[in-house]
Amino acid sequence: MHDLPLENVYQLLEPGPVVLLTTAHEGRRNVMTMSWHMMVEFTPPLVACVVSSADHSFAALRATGECVIAIPAVEMAQQVVGIGNCSGRDVDKFAAFSVTPRDGRAVAAPLIEECFANLECRVVDTQLVQKFNLFVLEVVQAWTDPQQAAPKTIHHHGYGNFIVDGAALSIESKMP
């Protein structure tokens, strides 16, 4: 074994696929790239996510208490990285990166047409926002695009490196 610099630990544990988080506040829509999220409950589906207070989306999420988590396939990787490399304070990211906002059913934040899944969410817990920028969201409406069969997601591996979903493995589970 060799020492691993502590600032590289996140590269080993990055959770889930890279997603896009959308908000709508005071007549302005925004989208940001996010990879720090995890499921915390099955039913109702709860997702914990970190949105930095330095991000333009943070204020909108705090003010409205709602967002959409849009899940892109690997074909959107360049757009996803581009969206993550600029601020919604300065750029209309929907126009700049050719992503199509679409009205949802339960929240004002837009779905993203090009993503294979969209999860409309409401903030249900902010106890750890001040200390860790961690929001707990309840998914209140979920959408999938049947035209995108077997989409492959991307997973951040640090410093511009990503892993793409690979082969599926099925092992019988005894869990209900």
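**Strand pairing, salt bridges and cysteines**

Strand β4, residues 46–50, and strand β9, residues 134–144, run antiparallel and are joined by five bridges. The model that shows this pairing is a predicted one. Within the pairing, A48 has V136 of β9 as its bridge partner. Strand β9 is also joined to β8, again in an antiparallel arrangement, and here the number of bridges is eight. On this side of β9, a residue pair that can be located in the structure is L119, which stands opposite A142 of β9. Strand β9 thus takes part in two antiparallel pairings, with β4 and with β8. In a regular strand, side chains alternate between the two faces of the sheet.

The side chains also provide charged contacts, and two salt bridges are found in the structure. One of them is formed by R102 and E113, whose closest N and O atoms lie 3.6 Å apart. This pair links distant parts of the chain, eleven residues apart: R102 belongs to strand β6 (residues 101–102), whereas E113 sits in the loop between β7 (111–112) and β8 (117–125). Both partners can be described by their accessibility. R102 has a relative accessible area of 45% and is partly exposed; E113, at 39%, is likewise counted as partly exposed.

The other salt bridge is that of K174 with E172, where the closest N and O atoms are 3.4 Å apart. Here K174 counts as exposed, with a relative accessibility of 72%. Its partner E172 is exposed as well, at 67%.

The cysteines remain to be considered. A disulfide is a covalent bond between the sulfur atoms of two cysteines. How many disulfides does a search of the whole structure find? The search finds zero. C86 is in no disulfide, and the nearest cysteine sulfur, which belongs to C115, is 15 Å away. The criterion for a disulfide is a pair of cysteine sulfur atoms within 2.5 Å. For C115, the closest cysteine sulfur is that of C121, and because the separation is 13 Å, the two are too far apart for a bond.

The surroundings of these cysteines can be compared through their accessibility. C86 is partly exposed, with a relative accessible area of 25%, while C115 counts as buried, at 2% relative accessibility. The cut-off that applies to C115 is 20%, since buried means a relative accessible area under that value.

Conventions:
Residues are numbered from 1 along each chain as its sequence is written. This is a predicted model: local features need pLDDT of at least 70, side-chain atom pairs count only at pLDDT 80 or more; totals for chains, interfaces and linings use all residues. Side-chain values use heavy atoms; hydrogens and water are left out. A salt bridge is a side-chain nitrogen of Lys or Arg within 4 Å of a carboxyl oxygen of Asp or Glu. Helices (H or I, at least four residues) and strands (E, at least two) are DSSP runs, numbered from the N terminus. Buried means under 20% relative accessible area, exposed over 50%, partly exposed in between (1.4 Å probe, protein chains only). Two strands pair if DSSP finds at least two bridges between them.
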